[in-house]
Amino acid sequence: MNTAGAALVLMAGGYAAGACLAVLAPSQRAARFFTAVGATVGCVGGLIAAAIVLASGQPVEASFPNLVAAAGGMVIGLDRLGALFLALVAAVGFLAAVYGVSYTAEYENRSSLRLFGLMFNGFLLGMSLVTCAANIFTFLFAWELMAVTSYFLVITDSEDADTRQAGLWYAAMTHFGLVLLLPMFLLMAPAAGATTFADLRAWTPTLPTATRDAVFVLAFFAFGSKAGMVPLHVWLPRAHPAAPSHVSALMSGVMIKLGIYGLVRVMFDLMSGGPAWWGGLLLAVGCVSALLGVLYALMEHDLKRLLAYHSVENIGIILIGLGAGSILHGAGLRALATIGVAGALFHTLNHACFKGLLFLGAGSVVQQTHTRNMEEMGGLIKTMPQTALCFLVGSAAIAALPPLNGFASEWLIFQSLLAGPYIPRLEIAVGFPIAVGMLALTSGLAAACFVKAFGISFLAMPRSDHAAHARECHWSMRAMMMVLAGGCVVLGLAAPIVIRGLSRVIDSVPLWAGEALPPSPRLWLMVPNGSAQVSPLLMAVLLTAIGLIALLAIQVRGLRIRPTDTWGCGRISQTPRMEYTASAFAEPLRRVFAELYRPTEDLSISVHPESRYFIQSITYTSHVVPWLEKAFYDPVTRGAQALATQVRRMQAGSVHLYLLYVVAALLVALASAWWFR
Amino acid sequence: MIHYVMIFVQTFVAVALAPALVGFIRWMKARLQGRRGAAPWQPYLELWKLLGKEAVVSHTASWLFHVSPFVVFGTSVVVASLVPLVAAPADPLIIGDLFAVVYLLLLGTFFLALAGLDTGSPFGGMGASREMTVVALTEPTVAMSIVALALSAGSTNFGQIIDRTIAEPSMALGPGHLLAFAALFIVTLAETGRLPVDNPATHLELTMIHEAMVLEYSGPYLALLEWGAALKLLVFLALAANLFIPWGIAVTLSPLALAIGLVSFIAKLAILAIAVAVLETRVAKLRLFRVPELLSASFVLALIAVMSTFLAR
Amino acid sequence: MLGSSGMLLTALIVLWRKGMPAYITAYRWQSWLLVALTATIGYFGGDRALYWVAGLLLVVKGIAIPTLLREMQRRLGIQPQITPYVNTATSLLTAGLLALFAYVLARPWVMVSDLPTREGLPLAMALLFVSLFIIVSRRKAITQVIGFLMLENAIALLAAVGTYGVPLLVEIGVFLDALMGFLVMQIFVYHIHETFDTIDVEKLRRLKH
Amino acid sequence: MVTLAGVLLPALLASCLAMLVRPYRRFVGWISLACAGVSFAAAGALCAEVASTGLVGNGRWNTGIWRVDALSALLALCIAFVALLASALAPGLRRQDHDDASQTRRLRIYMNAFAFAMLMAVTLQNVALMWVAIEATTIASALAIPLHRTKASVEASWKYLLVCSVGIALAFTGTILAYFDFVATAGEVSGSLNWTVLRSAAPSLHPELLQLAFAFILVGYGTKAGLAPMHTWLPDAHSEAPSPISAMMSGVLLAVATYAIARWKAVIDAAVDPGFSNALLIGFGLVSVAIGAFSLVIQRHYKRMLAYSSVEHMGLVTIGLALGPLGAFAAWLHVVNHALAKSASFLLAGRILHRYETSEIRGVTGLLRVMPWTGALFATGILALMGLPPFGLFVSEFLLVQAAVVNRKLWLAAIVLALLLTAFISLLTHLNRMLYGNAPEGVPVGEHRSWPVVALLVPVVLLVVLGVTLPTALSALIHQSVANLVP
């Protein structure tokens with residue numbers, strides 16, 4: 001039993017203890033603390049294990065053949081790839097757990113925090129196990145454990161009917177994923193007995209092409225439904241707002257990444273890569289997800305739904321990187337392929353960092369303002385300055401602004417896309433520039449969207465009493481946000497070092513073995529062929545330097561500031577109703593992309609009875625029609641309903657009818673016996 | 001080492017020249033419109049005056065309002081330091097490539113837009129919303145023209161692009177190159193708030209974009225913003241000039257080459273400035289919701305550019 | 001042979017006639033035929049056990065059950081005529097078809113067996129199907145009971161002509177079951193009559209879906 | 001042999017005792033509970049014995065009346081357990097449940113008789129006697145349904161009795177046919193109706209005849225096992241019967257019928273190419289799963305919901321039986337899991353019905369608030385029935401799909417999984433409706449930790465144990481029984 005193994009045991013023990021303690025807690029308040037204690041201990045264990053494995057590269061392996069022996073037993077195997085994601089789970093899990101202590105205070109009278117504690121720790125345990133699982137049953141077990149527990153976390157606020165509906169959507173989609181996963185894995189298994197990943201790895205090369213393709217397609221949609229790629233994203237914008245914010249942070253920051261993990265694990269590790277169209281599919285779906293995600297986000301005024309849609313966008317970006325990587329790898333451009341994959345993995349880390357941060361920030365805001373609607377916030381930068389600062393950092397990072405981490409990973413992905421022209425086959429190569437265009441548009445729109453998100457909810461004057469009376473949240477919550485904000489900055493400035501670490505992880509996957517990136521100069525991110533480089537750190541230094549110089553220059557002549565009212569065409573007093581609203585902010589883009597949104601507008605003006613020049617009230621409502629969802633899901637549900645009604649008819653209540661069924665069945669059976677001979 | 005000194009120097013030159021460029025364009029326009037117009041160095045005086053004035057700041061504004069001007073100015077300067085103006089040294093480890101430029105400018109715009117929202121004035125919000133729309137829609141075009149350049153040069157580093165273009169003049173006249181140039185020029189107009197996208201000469205019109213955002217600014221802050229905007233314009237023009245018509249730019253650091261580089265640089269800028277001025281006198285401002293059409297047109301140009309370079313390979 | 005065809009005939013009578021007493025009479029005749037048949041088979045086959053079986057049949061099906069049926073009918077009183085789903089002509093026709101099907105079905109067995117009684121097999125099958133048809137197509141609870149009893153007769157006949165009877169132990173078990181089943185059904189017919197004050201099973205349609 | 005007696009007799013005794021003592025006294029209930037305990041313990045011992053010796057029975061291996069191999073022991077254990085659970089939770093033990101005495105007495109009689117009949121059915125080796133026992137189960141359970149003589153219960157019991165009797169009669173026809181074939185070829189032999197003898201003789205029998213016989217048997221016993229389209233009695237009977245009875249019916253009765261089918265399948269497969277029986281089983285199984293799943297989509301009553309889910313699960317078991325050794329293993333494991341989950345759910349549903357006095361899902365809201373313990377356990381049971389970890393059904397369904405894939409029946413796996421998804425969504429929807437929201441007025445809120453809850457905790461815990469560890473002893477037992485069935 002080596003250290004890493006012990007750390008894993010500590011992890012599992014911590015989570016288990018947290019779950020049990022929370023259930024047995026004497027009071028709701030105690031349950032809150034026990035939950036966090038167990039979770040933090042578990043996360044520390046997980047971090048230690050992951051760190052050891054990442055550093056040494058020695059996989060931790062353990063197997064418990066007697067547990068569910070019939071299904072192949074429980075097999076644990078933590079390699080570098082898994083450890084990367086385990087570190088992700090543990091890190092974000094730790095912060096979310098601590099944050100949760102005071103965040104869940106408001107749930108004390110609403111819903112059972114004992115159940116919550118059980119599910120929260122179970123959720124963390126499930127996610128950690130997914131990254132350690134080394135045979136089919138263990139993986140699926142952990143996968144479902146994660147799904148079930150997260151379902152209960154989503155419906156924590158179960159008194160609200162919408163929340164329950166959201167939970168239902170989520171459960172349905174995630175179970176749909178399992179339904180695809182099961183045959184996918186079993187197709188890769190050589191025999192009923194041999195279900196460890198090692199067996200699969202050895203066996204998959206011998207599979208016929210059709211089977212391999214089937215496995216890939218199944219894996220793509222199964223993990224895609226978890227990762228939230230279009231069109232399987234429907235559950236994200238429902239479940240994320242419904243869940244408590246630190247749970248949303250975990251789900252959006254980590255859980256959907258496990259979909260990416262599964263995809264990488266199956267596609268590149270177990271199946272060791274495939275034809276160009278696999279990557280092509282990833283690339284295409286990635287582009288669509290990125291663009292649609294951000295476009296729908298732009299129309300959202302529910303802060304958490306907006307963030308949820310951005311998760312769709314970022315998953316898209318990650319998929320683009322993976323797709324580019326796998327295509328380039330197939331075309332023999334292995335160094336550039338590594339850039340793409342590294343970009344994707346790096347973006348996975350970054351997204352976990354800033355999306356976690358943003359959800360925690362949103363959580364603090366929602367806790368203070370008791371609303372998720374941005375139109376009722378505003379002015380929070382004055383009442384909650386630190387939260388605002390953290391949220392700003394997160395926004396800048398997710399908008400891929402240098403020198404923060406989002407920029408670094410998107411830069412790498414851009415570079416891998418620019419390598420498209422080197423691909424000999426033209427029909428594949430042309431895809432790349434288009435991807436560049438869409439990715440650029442995506443990041444531009446993301447910037448616009450977060451100007452809206454931050455500007456409307458934090459700046460200017462409070463738009464409601466709640467917002468006016470908001471106070472800075474509890475220090476523990478702020479501290480966690482600070483940590484993540486720091487993470488965004490550090491990951492950005494130290495990107496070259498992170499990339500070097502990631503390239504080791506990539507190197508540990510047999511498919512990419514021996515393709516570690518050439519050691520680039522400390523401060524620079526470089527494309528292996530030296531065609532481009534960038535140094536976030538130096539950028540930051542220059543930026544601050546120039547800013548300071550400018551400040552000094554102004555100070556030389558003395559900077560005098562006179563506070564007055566905002567100037568507004570001679571208005572006497574300024575009221576929040578005169579501020580630009582979120583919907584107004586998004587209006588131009590809604591017009592531009594009207595084709596996609598199919599907005600329904602409803603303008604009703606009531607005029608004064610005396611003269612129609614005196615307007616009494618104007619109400620304007622506009623909704624975006626999610627026709628994509630309708631197109632995909634309505635037929636299915638309608639079909640099921642129709643079938644169900646047909647089946648109901650069978651049970652008509654007449655005993656003669658029932659007997660007739662029996663006779664008919666008998667005749668059919670006899671006939672089949674006849675036919676079979 | 002000498003490279004970095006050179007970069008520092010040329011950045012300084014750019015920062016110094018920027019107001020003159022704006023002034024020159026205004027003067028040129030006045031001439032074209034049959035007015036005498038203010039002298040080209042007028043902007044320097046304005047900046048000096050503004051720097052001396054006190055800043056009037058709204059009650060509702062937060063610290064962000066105070067920070068933004070520095071961010072905007074800073075990004076412009078950093079960008080200027082990344083872009084080859086007078087000389088394009090091939091080898092050194094530059095701080096960033098074309099993507100870095102694009103995203104740095106985006107950073108500036110991001111903060112400017114936030115500052116616009118910060119005061120809670122309807123104009124600020126209006127400007128911010130429109131500015132972000134325009135910027136978002138220009139991004140793909142910029143990226144595409146970058147691809148077009150990178151395709152031919154096999155790199156997104158300025159030095160390599162320029163070397164390559166100088167090495168193969170034929171490429172500069174290729175359809176891909178020209179189309180990309182056109183696309184980038186349109187983007188320049190959009191990003192720097194010129195006609196037909198935005199009218200830099202107006203205040204308090206409901207059609208304004210950039211000016212609406214900075215409406216609440218005054219004094220030194222306004223000076224920084226103006227200067228930054230001017231620098232941005234210069235950088236864009238310089239990009240258009242040097243990436244597509246690189247001849248004359250100094251590839252070695254010999255005094256002669258540098259002299260030629262400086263002269264040719266100013267000459268190119270002057271030509272482009274005149275072009276802008278002529279254009280601004282010729283065309284009327286587009287309706288806001290026609291702008292996306294213009295930008296999509298430029299995107300199509302860039303796309304065709306890429307494809308043609310592809311097929312030309 | 002003759003006996004089995006006779007039994008089939010009685011079943012057809014049930015299809016043909018309408019009144020309850022006729023049903024019961026038909027059933028009684030059928031049972032007695034079964035008894036006779038079993039006895040003769042026992043005699044020719046020289047199987048002592050079959051005499052016992054015949055005796056049991058006589059007691060249970062020939063006497064006990066018909067009496068109980070009469071009792072039941074007396075207690076339920078005169079029931080309104082309920083026209084079955086399928087009218088008489090069609091019923092008879094269907095019965096004919098079922099018999100035909102039975103023959104087709106049972107051909108291989110006739111090949112298989114070498115017993116002298118093997119010709120009875122198809123008839124037993126036919127009887128089986130016809131009684132199933134009776135259960136399905138008749139609406140009164142009591143009629144269904146009779147149909148079910150005929151079904152049991154058919155099986156007994158099958159056992160007799162096919163295999164010269166199953167082991168005695170099994171027979172006894174089956175008889176007990178048959179009796180129990182009948183008694184329970186009788187109880188339930190009373191229940192239905194009390195709770196729904198009708199024995200038209202079609203009135204039992206509250207449980208759906 | 002002694003242990004076997006220990007399994008069988010107590011139930012009989014309890015039944016007789018309840019019959020003799022009138023009016024009902026509470027000690028009867030306690031004694032019958034004790035009897036159930038004894039027979040459960042004996043069943044455990046029986047399993048151990050079988051596991052060690054491989055076989056328990058009287059007479060020589062193929063002539064005796066009783067013959068207990070691994071499968072019989074397994075099912076006996078399940079039956080005994082469910083019977084124990086049922087008699088522990090049936091009315092008549094405590095002072096506070098004041099149902100009228102005669103009803104309680106009748107319930108106790110029928111319940112124990114029912115259990116006895118089922119135990120007989122799985123331990124007899126003579127197929128005809130097995131048939132007799134199964135018919136007896138019909139009678140016993142049918143009598144138990146209309147305890148409170150409502151229209152609905154009478155109707156349900158009539159339908160149940162008629163449909164099942166007809167079906168079972170068909171099964172007997174099949175039995176006779178097979179026997180006829182046997183006699184025609186081998187002549188009269190002692191113990192010739194023992195399935196072991198039949199199986200050893202099967203290769204020399206006539207395939208066509210056996211096929212027809214199997215058709216009769218499958219439809220016959222299938223009716224009892226709740227295979228669609230013969231399942232129609234099931235939702236009515238299960239929803240109207242008193243909860244202990246529905247628990248026993250849904251938990252083990254269906255399994256007993258399946259057991260009969262499995263025995264016969266073993267015989268037929270020895271003569272006919274297994275493809276035949278497998279095709280039939282898969283056909284009926286798929287139809288059952290489909291109808292079960294889609295009947296769940298729009299369902300108004302929670303007890304009927306549970307009943308339809310039984311149809312679905314029986315379909316799964318049937319499919320499993322047709323998928324070779326692995327499939328059979330999965331099937332029997334599934335039977336065990338299902339017995340636990342479903343009996344617990346039905347008993348909990350009974351408690352819910354008792355509190356809310358409505359069987360409509362719409363009428364039951366805020367369950368978690370009204371009865372925290374019952375509600376939580378009920379939710380757990382339903383989650384288990386959905387096939388989620390860490391419960392046993394996840395394992396068995398996993399193995400089932402694996403069996404389908406290993407047998408190169410991807411289409412089967414695909415359809416089954418799709419149907420399971422449907423069932424999952426609809427079950428979860430209904431569960432959501434019941435668990436949350438506000439309690440309807442007139443329903444007292446709150447529940448103290450009573451011992452029935454503790455008793456019901458047992459199967460749930462066992463489910464988790466099965467799902468997380470799957471004890472080696474159990475899997476060994478199941479392996480053994482599969483080996484017995486698939487020679």
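User: How far apart are the nearest C-alpha atoms of chain B and chain C, and do these chains touch or not touch?

Analyst: In this predicted model, where local features need pLDDT of at least 70, side-chain atom pairs count only at pLDDT 80 or more, and totals for chains, interfaces and linings use all residues, chain B and chain C do not touch, their nearest C-alpha atoms being 56 Å apart. Residues are numbered from 1 along each chain as its sequence is written, while chains are lettered from A and ligands numbered from 1 in the order in which they are written. Contact requires C-beta atoms, placed from the backbone, to lie within 7 Å.

User: Which chains have the most contacts between them?

Analyst: Among the four pairs of chains that touch, chains A and B have the most contacts.

User: What makes α15(D) roughly parallel to α18(D)?

Analyst: The axes (lines fitted to C-alpha atoms over the stretch in contact, with angles from 0 to 180 degrees between N-to-C directions) of helix α15 (residues 372-385) and helix α18 (residues 451-468) of chain D cross at roughly 25° and come within 11 Å. Angles under 35 degrees count as roughly parallel, and therefore α15(D) is roughly parallel to α18(D). Both are helices as DSSP runs (H or I, at least four residues), numbered from the N terminus.

User: Which residues of α15(D) and α18(D) meet?

Analyst: D:Trp373 and D:Leu377 are among those in α15(D), and they and their companions meet residues of α18(D) including D:Val453 and D:Leu456. The residues of this contact divide into eight nonpolar, three polar and no charged.

User: Which residues is D:Ile79 in contact with, leaving aside its neighbours within four places in sequence?

Analyst: D:Ile79 is in contact with D:Ala115, D:Met118, D:Leu119, D:Val122 and D:Val252.

How values were computed. Contact = placed C-beta atoms within 7 Å. Helix = DSSP H or I, 4+ residues; strand = E, 2+ residues; numbered from the N terminus. Parallel < 35°, antiparallel > 145°, perpendicular 65-115°, else oblique. Nonpolar A, V, L, I, M, F, W, Y, C, P; charged D, E, K, R; others polar.
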